[in-house]
Each structure stands twice: as structure tokens, then as C-alpha cells.
Amino acid sequence: MTEANDNRELKRARQACLNCRRKKARCSGEKPVCATCAKLKQQCAWDDSEEETRITAFSQENAKLSNNHLAARLAILESKFSLIHGNTFNDFLGLVPGQSQRAQGRLTRETQWESPSDITSQSFVDAGNGLEVEVTNLSDTFSTLPSKTIIQALIDAYFQYSHNQPYCYFHESTFRQKLDAGDIPEFLMFSILATAVRWSDHDFFLHRHADAIQSYANIAWKQIIAKYLSSQQTLDISMVQATAMLGVIEFTGLYPLNLCTIALTTTKLVLCSQHG
Amino acid sequence: MYDCANNYKAGAMQPAWVKIGLSVRFAQGLRLNQEPAENLKISEQETRRRTFWSLYVLDRLVSVGPNRPPVFLDDDCTVHLPCHENLFQSELPCEMPTLQNLKDRPDSADCYTLDNFALVVLMASVLGSSIRYCMRQGPHTGLLPWDFRSRFCEITSSLLHFESYSISAIPSVSEFIRQNFAKQDGSINHSFAAHFVFSRALYHLNQCLLHHPFLLHQRFRSIKITIPLTFVQEALQRCRKHACELNKLLQDAREAGYLARTSFYAYCVLTAGVVHYLFKHDADRNVAKESAALWQMALDFLEQEPVRWPHYARMVSQVAVKELNSCKSLHCSFT
């Protein structure tokens, strides 16, 4: 079953129910009763062992990684992994990223949204205490801090669109003073930029918001881990703020679907438990 | 029992949990859950408090999924609640109660001048309790929900406190927002208005979850005695009422020019939407008609908000309809 097949209009399951398998018919894959069995009013049964094997293999791989006590490496790998499967989910629903949206009388301007570029290669180099991640194909545009003007615009966007909605990490005037004095740690800068990019209409990010967010977030994460794992750990409130922002980006920024999936999973959990 | 695809998707959020978990550990290392040193500048003290409470709220919000208990325990949070936004910005001191004060003495004088952020914290705390209560697997333990000494009633009364603390008798939310949070040019100051709207949204969400027909049914299955009809009818009424209020809140806010950008609104709207979807088939035709309209409004909201994520939003509404349609027992009678 290739990915290309999932783009077809007619639904095709990743796994067929026992009846469809026996008849070698197309199975739409709905659980607990697929469309074919529903139509024929027959008992729809599933073989769950295949799915379980796949999931067990995945978690065994995870266990191996965490046994190396490199929580950071695990997080980076899983970011990459979740990114790839995020795209697969798009394909599964037959949606092409960046489709134009309905024109509405909205109060803010919309940007064409796009999926992050495929990550083709990242190399990991264990360098003693720290971890070096070489990102080889995300362009250099987003591997450093942008210009002062762009930073200023992003900070403004942050305070307008993200601050207090609902998280409050900064006293605005104090923050701006520190910014002017160059006293904001770089990892915090990158975290804020990653949070604020989505609200920016600047040409610098045109059609590349997702790349920028991912790149800034990765840089921030790498710096935090390096700082935390270094011999002179100086725990600072900015590390709390930055990590929380990165967590939120991961949780909702690229995948706002997650929250709704949780809501639906919960609903289905309760419904299916009634049913079966 | 689970849809395996959904389970797998939840696994894709692993990195998010790692980061949030790390943030929590950093916060605990810095003792942000305790009052800051008094020799710090006032604005810095308050920044530390707000950072902590932001993390607390985040922790509660991400814990709405199954098998994700929140990390912070209310008893450990001895830091004072956030002060008023105006005072924070002006760097003026303000003595605020703690979360425990609110629970122990809900009718004390300080409790009536809570900032909206403090109300968000309160509702997040109740959300944690509601979720743990409603989603707990296994047979029902403890006192029956209609027993006034039960956990259920305890949570209900916390929600009623919210109505006392917040300005509940507002004839028009949109008017209130325009009067209190508008800038000189007439546009809405979102960072001022945000906590006001969010605290109310969480309030309605809590009420929906606590009185949700599915979740109550799940809890009741193991109860041997007959469930009092009055209890069920009142619960359903409340659930529907608050689902409607949630829709109305967001609609009114939008009218006033406030855009609900926080991602969590998607969860709130979807929860309310599911309730409306159920009532689409109510015997009372007025109820059915209103519910159908509100369900459509919920889907429209998911398509339009959060702004800037258009195709994800479309995906969400498609997934929502697909999932709900595939649930065979959706139309089983619960009334």
C-alpha cells in the first residue's frame, strides 16, 4: 500500500476487515463497522495483531534511544519523525498544502500556509557533553537571527498576537529595554521569533513560515540543551520561558490538529466503550 | 477499542511533552511555585509569578488528553495569583491571595478583586479536576454524583464561585469588551482582553465536560441503583446551556473585534460542537433546529480560527464530521 494510493478520492484502508479480505474487496476501513459490511449488514471484524506489531516495533525503537540517556536526541529525532508523519496525514486526507482559503470578511489578512519542506538529511555528531545537529538542507536564511528591523517587527507581533493569549512571560517595557541593551539570551530570542513568525506578513517569510518556525525552534532547542548539559549549569527563568514556548509550538503551532484529535479520541473512546 | 490511527497520532506529540516536561523541571528547580524573594524588583517578582502560572495553565491544558495527568499539584503552588494587568504594567505592588486561599475561604474579601488571568488560573485548576473526574476509567468510586458531599458537587461549587468572582451579569459581552479593552483607535487591545474571554470560555468548557452526556454515561455504567431522572435532565440542560453560551461568547467577542487566537479554543469549540451535534436529533424541534445551527457555527469557527492555519482548520472540520459520522452508537438514546 503506497502513499500515492492514499491520494485517491475513494477511501482505502490501511488494513482491510476480515470480510473484505476474504472477498478481496476494497475496504473503506471505518471502525467498528466498515461501509461495505454496513451495507451488507454483516458482522465486521478486525485483526488487531498487525497494528499492534507495528506499534510495538515503534516503541521498542524508542526504548533503545532513551536507554542511551540522551533525552535531547530522542526529542530531536521525534521532531523529525513527527514532521514526516504530519505530512503523511495531510496526504491521507487528500489535501494539498497551501490551498487557497475562502475569501471572507476577516479582520486580519491571511497568508498562504504551507507544509514544512521535507527534511532529507540531518547528521548528528556527539560532541562530548553537547549535541551538534547539522541541518543540511534547510536554507541558511533561517539559520541565523534575522535583521534588527525584522526582529523588531516580530517582537511587536509577539506582543500583539501571542502575549497573554493566554501565556504571560514578560513585563513588556522591561523586555524591550533588555532587548535594546542586547540582554536577551539567544535561545529565548529564537523561541520568541519562532512563536511570532506565524503572525508575520513580511516578505522575508513569504511562503516559508513553516521552515522559519522549524529552523528557529530547532536552533533554540539545541542551544537550551547545550546550555543545560554543559558543566556550568546556570538555571535561569528564560530557560523556563523558552522551553515552554517551544513546547507550545510543537503542540499546537505546526499541529493544531492535535488538540482536536484529543477531543475526538476522547469522544470516540467513550462511544466505542459503550458499543463494545 | 481505540482507533489505532488516533493513538499513533498522539505518539507524534512526544517531543511536545518532552519540552513541556523540561520546562516544568526547570521551573521546579527555580522554585517558581513559591513566592519570589522580596529583594527583587516588583516587576521581576510578578514576571516570575506570571511565568509560573502560565506554565501551570499550559500543564492543565495539555492534560485534557487521556493518560496525561498534570504535573503541578495545586497544594504545591504557594505563589500568589497574578495581580491586575494595570498594576503589573505600572510596576505597582499588589497583594493577591493564593490558590489555596481561594479554595479555603472563597468568600473572603480579596477574592472579589481577581484579575482575569487569576480567573484563568482558577478555571484551569478546575479543568484539571473535571478532566480527572470525568475521564477516569474503571467503576465509579466515591459518593454518588447527586450526593451533595461528592467530588462532583465539589467541582460544581468551584464553578459557581467563578460566577461570583467574575462579572457574570454582563448583558452584552461585545459591549463589555468594547468599553473596557478598546484602544484609542477603536481596535481591541488583545493582550488585555484575552484573559477575560479565555476565563469565560474555560468556565463554559468545564460546565460542558462535567455535565457531558457521554462522560456521565461512562461513569454511571457501574452504578447499580437507578439514576434519578431529575439529575440526568438537569445535567443535560446544563451541558447544552453552556455549550450554547460558549458559542455565543465567541460570536460576541468576534463582533466586538476580538479574535480568539489561542489554539485551545479549537478544543473548546469542538467539545461544544459535539454537544450540539447530539441535540440535533432532539425531540423538541426548536432545540433541534438551534443545535443544528450552532453545530454549523462550531464548524465554521474551526474553519476560520485559529487564523493563519487555514488548511489545518479545514482538515479538522472534515475529520470532525468524518469521525462523528462513523460512530455507530452516536444515535443511541441517552435522553
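## Exercises on a predicted two-chain model

Arg31(B) counts as exposed, because its relative accessibility is 55% (exposed means over 50% relative accessible area, buried under 20% and partly exposed in between, with a 1.4 Å probe and protein chains only). The model is predicted, so that local features need pLDDT of at least 70 and side-chain atom pairs count only at pLDDT 80 or more, while totals for chains, interfaces and linings use all residues. Residues are numbered from 1 along each chain as its sequence is written, chains are lettered from A in the order in which they are written, and side-chain values use heavy atoms, with hydrogens and water left out.

**Exercise 1.** Determine where Arg31(B) lies and what is notable about its phi.

*Solution.* Begin with the location: Arg31(B) belongs to the loop between α2 (14-29) and α3 (42-62) of chain B, where helices are DSSP runs of H or I with at least four residues, strands are runs of E with at least two, and both are numbered from the N terminus. Then take the backbone angle, for phi of Arg31(B) is near 55°, a positive value in a residue other than glycine.

**Exercise 2.** Explain why Cys34(A) and Cys37(A) form no disulfide.

*Solution.* First recall that a disulfide is a pair of cysteine sulfur atoms within 2.5 Å. Next, the cysteine sulfur closest to that of Cys34(A) is in Cys37(A), at 3.7 Å, and is therefore too far for a bond. Finally, a search over all chains of the structure finds zero disulfides. As for their surroundings, Cys34(A) is buried at 0% relative accessibility, and Cys37(A) is buried with a relative accessible area of 0%.

**Exercise 3.** Describe helix α13 of chain B by its span, its start and its buried residues.

*Solution.* The helix covers residues 285-304, and its 20 residues reach 29 Å from the first C-alpha to the last, close to the 28 Å expected at 1.5 Å a residue (the expected span is 1.5 Å times one less than the number of residues). At the start of α13(B), a side-chain oxygen of Asp284(B) comes to within 2.9 Å of the backbone nitrogen of Asn286(B). The buried residues of α13(B) include Ser291(B), Leu294(B), Trp295(B), Ala298(B) and Leu299(B). An α-helix has 3.6 residues a turn, so residues three or four places apart point the same way.

**Exercise 4.** Locate the cis peptide bonds that precede Pro32(A) and Pro166(A).

*Solution.* The bond from Lys31(A) to Pro32(A) is cis, with omega near 0°, and Pro32(A) sits in the loop between α1 (18-23) and α2 (35-40) of chain A. The bond from Gln165(A) to Pro166(A) is cis, with omega near -10°, and Pro166(A) is in the loop between α5 (148-162) and α6 (172-181) of chain A.

Notes: A polar contact is a pair of N or O atoms within 3.5 Å; within protein, one must be able to donate a hydrogen and the other to accept it, and residues adjacent in sequence count only if both atoms are side-chain atoms.
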